[in-house]
Amino acid sequence: MARRPVLRWAKLAAAGVAALGVTALGVTTGAWGESLIDSHEFSGSVTLENRWFPKKAANPEQKDFGVNLIAAPELYLESADGTSLTLEGFYRYDSSDSVRSHADLRKAYLLFVGQIEDQEWELRLGVDRVFWGVAESRHLVDIVNQTDLVENPSEEVKLGQPMAHLTVSGDWGVAELFGLPYHRARTFPGRHGRLRSALVVDNDRVMYESGAEERHFDVAARYSHSVGLFDVGLSVFDGTSREPYLQPPPPICFILDPRSCALVPLYEQIRQYGLDAQMTYEAWLLKLEAIRRAGARNALGEEEDYTAFVAGGEYTIYSVFDTDMDLGLLAELNRDSRRMRATNIFQNDVFFAVRLAFNDFASTDLLVGILEDVDTRSRSFNAQFNRRLSDSLTLNVEATFFHNIAADDATHATRRDNFVNIGLTYSF
Amino acid sequence: MTRKHRVRRFLAMMTLFAAGMNCLAAGQPAVAQNPSPEARGLEIAREARKRGEGFGNLVSQLTMVLRTAKGQESRRQMRLKTLEVANAGDKTLFVFDRPADVSGTAFLVHAHRDKPDDLWIFLPALNRVKRISSANQSGSFMGSEFAYEDITTQEIEKFTHKYLRDEPCGDLACTVSERTPVGEDSGYSRQLVWHDKKEYRPWRVEYYDRRNELLKTLTLADYELHLDRYWYAGEQTMVNHLTGKSTVLKTSEVQLQAKLNERDFTRTGLRRAR
């Protein structure tokens, strides 16, 4: 068992953000690097956010309202030969859940680019974020980065991952190799936080299947190509799972000290093969993501190899009703061969959504979606609205509502956690 | 193959052949005295393209000022990079700088002469490269009065051309040609283009919607000569006659034959674009 190095990461991230600020100052005042650095760019955003849960929580210690402040500065330096350094920090303060207040080093990498005959190569060394996949309801094949779960339960936001990332590309496609020397554990909401399981997850007690613990050297590779109407990616990952098995506490703890009972995350060694494909034809996007994963435990705690996929598409009606607006219709089906033994909520779920892009000055857009569990009929609704208020100010509203959550559904503990999130972002 | 098909195919081939002859004829002054309006239209379009060819690649700074009928203003700023591909569609990269919330968002367009363009978008927040449909040719580009089809390279193969008349435009002598989109994705039934006779620069374009009503007018101005050969308009003004809205597109810091190559216009290049 390894103590989770939460503090170390928080410190590292804080140091990164501080270094970023100092470097920015140094560069902009021209104190150093005049000859070395060809161009630089300092940008970022500050967001004020309120998250409100209209329903009383399932547990009395959970809070209904949180004020949040988020800072995300970014610095980019480029030398005359094209080598560049990217630094991106992130900090969130949440008044309602101290675990959700967190710092992260999203990116801190050196990028080298070159060419050997007709092949282009690219090497990224440091912390980075990588995205694989095509689907909207779930990012199934995307595995390189750990999910920043406390950021958003949608699993869309990712933590920075230390890596060496080599890309070689040519007329034959793009091949990528990843060396991942360090594992980052997932942070689950704290006791006072919402959108958590009935039993909290002990973020300070993390277990690894590998004796090397978080220092197990993971590897990943991906080949992708774009031919005509098709964009296809094939990937493989071998190493420490990003999704932990949550071990229930021993029954005796409920008798001795119920407050100490917590789930303990266990990260197994897994191998995952992934496929992602999209066909783009006229106004249609047809999408498929599929994985085969070996080495992970199912919900019963037994090791079970499984296959999962998300398939669907998107059709856009341009200039709908003779306006400037575009209406996108999305439908996706999620399946997991383990069905009720699956460790996530996507064992047999359908997703339908409507996306309305106003194409106006303010780049207004609205996405309304529903995810329905075909087995339990549990539903969750999600709506996202974005609008630019001025050249540097944007408004983002997100609402999620749970409906008809069955007692045996994986999201039962969050049934009272409907929320509305209103954010105002200043970008520079 | 049925007999009917064979006949039809033969007729089609003859038409193509005739069209080819017309093209050849266009290059020969003796016959060019009285070419058909279609041949002359195509010749003007070809000559305009020829004069723009050979620039290799281009980097420029674009500023868009969007105005409503009531006079409200909004600004967009982006960098445009174009790579010329010999005898095929150009490759274009747009990288947005302003507004700040979309800073870093980039579009990659691989234009094709014989099929719809390929289009990818890079979303920096998710580090995601996404292939998107290029069927939305008539959609607004960044909320402006320019549609995607107005702003990306318009390959002449995507239109049929017809010369209409000579007409003065300002101090210059111009030709007026009509071009009709071949594909179904276009939002226009036809366009009228004014080219000056000396340099074949477009000075004015009228866009007619699917109901054949005048929808928008583009006026080009402040032409600048680069490398003693290439003319680029410094200011393009698009006015929408239906809504009263307008967009001024300013091009500055034009740099031809910059340090760009094929690898800046790939999906991995898009991921790196800044």
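Analyst: A strand here is a DSSP run of E covering at least two residues, and a helix is a run of H or I covering at least four, each numbered from the N terminus. The model is a predicted one.

User: Thanks! Where is B:Pro99, then?

Analyst: B:Pro99 sits in the loop between β3 (91-98) and β4 (106-110) of chain B. The peptide bond joining B:Arg98 to B:Pro99 is cis, with omega about 0°.

User: What makes A:Phe321 buried or exposed?

Analyst: Count the neighbours: A:Phe321 has 7 other C-beta atoms within 10 Å. The cut-off for exposed is 12 or fewer, so A:Phe321 is exposed. The residue belongs to the loop between β16 (306-317) and β17 (326-336) of chain A. Its phi is near 50°, a positive value in a residue that is not glycine.

User: And how do you know whether B:Glu253 is buried or exposed?

Analyst: The test works in the same way. B:Glu253 has 9 C-beta neighbours inside 10 Å, and with the limit at 12 or fewer it therefore counts as exposed. B:Glu253 also has a positive phi, about 50°, though it is not a glycine. Unlike a loop residue, B:Glu253 lies in a strand, β13 (residues 246-256) of chain B.

User: Why are β1(B) and β2(B) called paired?

Analyst: Pairing needs at least two bridges found by DSSP. Strand β1 (residues 57-67) of chain B has 11 bridges to β2(B), so the two pair, and they run antiparallel. In this pairing, B:Arg67 is opposite B:Glu73 of β2(B). The hairpin has five residues between the strands, and there B:Gly71 takes a positive phi near 95°.

User: What makes β1(B) and β13(B) a pair as well?

Analyst: Nine bridges join β1(B) to β13(B), again antiparallel. That meets the requirement of at least two, so these strands pair too. One of the bridges links B:Met64 with B:Leu249 in β13(B).

User: How do you know that chains A and B touch, and which elements of chain B take part?

Analyst: Contact requires C-beta atoms within 7 Å. By that test, 24 residues of chain B are in contact with 34 residues of chain A. On the chain B side, β2 (73-83), β6 (128-132) and α5 (267-272) each give two or more residues. By class, this side has five nonpolar, 11 polar and eight charged residues.

User: What share of chain B is buried?

Analyst: Buried residues are 34% of its 274 residues, where buried asks for 20 or more other C-beta atoms within 10 Å.

Notes
Residues numbered from 1 in each chain as written. Chains lettered and ligands numbered in written order. Predicted model: local features only at pLDDT ≥ 70, side-chain atom pairs only at ≥ 80, totals over all residues. Contact = placed C-beta atoms within 7 Å. Nonpolar A, V, L, I, M, F, W, Y, C, P; charged D, E, K, R; others polar.
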